[in-house]
2 protein chains.
Amino acid sequence: MVDRTESYIDANQQRFVEELKQYMRFPSVSAQRAHDKDTRACAEWVVAHLKGLGFDAGLVDVGGQPIVRALMKGKSSKRVMIYGHYDVQPEDPVAEWKTPPFEPTIRDGILYGRGATDDKGQLWAHVKAVESLLKTEGELPCEVLFLLEGEEESGGDALPRYIRQAKAELKPDAIVISDSTMYDANTPALTYGLRGLIAMEFTIRGPAADVHSGAYGGGIANPAMMTAQILAACVSRDGKVLVPHFYDDVVPLQDWERESFRKLNFNDQAMAKELNIPRPHGEAGYSTLERLWARPTFEVNGLFGGYQGQRSKTIIPAWATAKITCRLVSNQDPARVHKLVVEHIRSVCPDTVRIEINDFGTSPPVLFDVNDPTIRAAQEAMRKGFGRETVFIRCGGSIPVVSTFAEHLGCPVILMGFGLDSDGPHGPNEHFSLDSFVKGTKSAAHMLRMI
Amino acid sequence: MVDRTESYIDANQQRFVEELKQYMRFPSVSAQRAHDKDTRACAEWVVAHLKGLGFDAGLVDVGGQPIVRALMKGKSSKRVMIYGHYDVQPEDPVAEWKTPPFEPTIRDGILYGRGATDDKGQLWAHVKAVESLLKTEGELPCEVLFLLEGEEESGGDALPRYIRQAKAELKPDAIVISDSTMYDANTPALTYGLRGLIAMEFTIRGPAADVHSGAYGGGIANPAMMTAQILAACVSRDGKVLVPHFYDDVVPLQDWERESFRKLNFNDQAMAKELNIPRPHGEAGYSTLERLWARPTFEVNGLFGGYQGQRSKTIIPAWATAKITCRLVSNQDPARVHKLVVEHIRSVCPDTVRIEINDFGTSPPVLFDVNDPTIRAAQEAMRKGFGRETVFIRCGGSIPVVSTFAEHLGCPVILMGFGLDSDGPHGPNEHFSLDSFVKGTKSAAHMLRMI
């Protein structure tokens, strides 16, 4: 059976891509004040385009870069909120781009340029899905609310502030985010779990200044050694976090998850080769993928104290610092885990030194129920759009906006990625497969009909 | 009974100090090429002065700064070699000097200026002791060989090279070094033990570049955490070195040493206050002084890897490095301990990362027999010169030249310090008590008669 909407997408894909290229030409680099004008111009261009499709669209200013908000009614009163971001990463390293970052170029069916996959290309699939439904069915099957921020790449908080203010009015029945990836080029995927995060640092202070290791060595605590000893008291050599009660609230992997992860045939050797490491490392009893997606971590992000120059300097450092992040999984509460970690660090630190602990914020983990009908509908839509089985995956990283949505808007969040890790988001020669763009557009259209 | 030599010293001390001031006016900063001319001029001035006293004196050039060598026969054929260095530390921080570093100034019986205590003032006591013996007794009681280097403050190796070349000809019966300190202002001391040193660093290498802690956290080894875990496997939280066989060759403290250290009433609280630490820390079963002087250590001098900026960065660092020194005590063999430490570090490092270890050299510990008649004679000489009981102490630091002497010249080395730790060697406002200078001169004269 021919799907008229799919046919429309096939017939118009060249124009869709030309429009996307226009969208990508805006250097909407939110991190750089020099691009503030371009960033706003980009947002205005999107608003104009959505208005052209019939949306009630405008910019919302709550400080920082403006938010694009566009609403259109549909056959049902069910409201699907589509999140995306119109800002992009800086173009560095410029010299490594084969074609200029803001002059989108197609080579061998791949669209190159900044924002191709992150996130202009992925968002454009949804915009063009909406157009295709309108042109082929006369109206949308449900209400669609676009909410596009301009500070995703610069860590701004305009969107979370807006969400908190406007939650009573936004009230979506489902949220769709296409700012993630498929499992691989042949495996469309929906992400149902994200890890959370706590970030902190501790500093161990010993003598007021670096002192001679001959004069004082053996007599006083060495802050660098103490830092190492405290860290080693937090994680065992085989990767188990030793903080008491750290794992208490971790939702164990379910049988279907272990089975489903196993079927993905994650290649340990390929990862080791890519990273140039001898082999993976971590908590016993879990596969690499299980550890990456479904287990919490305690990582040192930075470690420093004392002499960093050439050869040797015979000192006891005055202080040493360790920067730490823990990735969390459902149902770990970031505030509780933060407290457990701080208490443990303090408890293993002897009273022969002073310790300072700084907190750098938290982000909660999320885990969606894959049996939710909305998420099942999205899976079926993606299967149709890509013509392949669509799997459920988790993600080891954190997407703070998802936690914000989950916390304030209380509806299912569909993480429907059309990109690939290898698309080079944030790096030079960022790109997006036009085949994925077309299949993503079809998936997005099916989803609005099925949700 | 009046000692004519002591009377001569008392009568001439003002002139002695004026000469010392002349000596200190040379900015003989061996570390700075701009001062090479001054450094050589200083050496030449010393040679001329020693010639004036009747020495067969000259400069020995073996590359680097010249060595001052001066010999005079005496009543006995016993040869006492007096070591010193005519070079000094740079003057920094210049702004903190109350009077210019190279314009020696006396305030309240204290001589201020670069080199006052380290080592021009201490050496001058020996030169003036020799003069006083010559003027009052007509000849020296024994042969005296001055050997003064110009690279002590810049880590040059001219002297060790010369020692190795000339050892068959130097053949001293005793070596005297006055480049150390008394126990405190009221306690003259001879140093009979110095700690040795091994220095190294290890680097743990993980992924080829820093990677995202969300994407890879839990899946691969974290080089910073691994570095911490390795260090923690080398030293327990209560300060015991965990390297197998590390303590095997340590000569245990003898009863007289523990008793003698105890009598010095080392003040833990005073040290803690001076360093601004809560209290001392270290190996159980030993007093602070015992740990500082007679126990080996494993210290981290520097620790670095990953992000060192503000707040947080969610990475797994590509690598991390720890710089390590161990202080050794007799009879630990630096080469053997180095090997034990390297083997242990390798054995506790898992094969999920790569490790590199760099060696930065070693220096053996020394421990002299306090019952040696020469050392006993020096003790009695110092007791006479200072009019106080002279104690035997150890030193937590290392003086590489002492190991060189001990190894190549095979005779007792007398470490007869006239300075104090609080004299500020290497810092601004370096100074030397004129009272100690005079008493040191008397001690040096007595020693040449009694040795």
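Reader: How many bridges join strand E11 of chain A to E11(B)?

Author: In this predicted model, strand E11 of chain A covers residues 299–306 and runs antiparallel to E11(B). One of the pairings places Gly306(A) opposite its bridge partner in E11(B), Gly302(B). The number of bridges that join the two strands is five.

Reader: Which element gives the most to the side of chain B that touches chain A?

Author: On that side, 70 residues of chain B are in contact with 70 residues of chain A. Several elements of chain B each supply at least two residues, including helix H6 (223–232), helix H9 (288–294), strand E13 (319–328) and strand E14 (354–363). The element that gives the most, with eight residues, is E11(B).

Reader: Into how many nonpolar, polar and charged residues does the side of chain B that touches chain A divide?

Author: The residues to be sorted are the 70 of chain B that are in contact with chain A. By class, this side of chain B divides into 30 nonpolar, 27 polar and 13 charged residues.

Reader: At what angle do helix H11 and helix H13 of chain A pack?

Author: Two packed helices are described by the angle between their axes together with the distance between the axes. For H11 (residues 373–386) and H13 (residues 434–450) of chain A, the axes lie 7 Å apart, and H11(A) passes H13(A) in a right-handed crossing. The contact includes Ala377(A) and Phe386(A) from H11(A), and His446(A) and Met450(A) from H13(A), and by class it has seven nonpolar, four polar and four charged residues. The angle at which the two helices pack is about 145°.

Technical notes
Residues are numbered from 1 along each chain as its sequence is written. Chains are lettered from A and ligands numbered from 1 in the order in which they are written. This is a predicted model: local features need pLDDT of at least 70, side-chain atom pairs count only at pLDDT 80 or more; totals for chains, interfaces and linings use all residues. Axes are lines fitted to C-alpha atoms, for helices over the stretch in contact, and angles run from 0 to 180 degrees between N-to-C directions. Helices (H or I, at least four residues) and strands (E, at least two) are DSSP runs, numbered from the N terminus. A crossing is left-handed if the near helix is turned anticlockwise from the far one by less than a right angle, and right-handed if clockwise. Two residues are in contact if their C-beta atoms, placed from the backbone, lie within 7 Å. Ala, Val, Leu, Ile, Met, Phe, Trp, Tyr, Cys and Pro count as nonpolar, Asp, Glu, Lys and Arg as charged, and the others, Gly among them, as polar. Two strands pair if DSSP finds at least two bridges between them.
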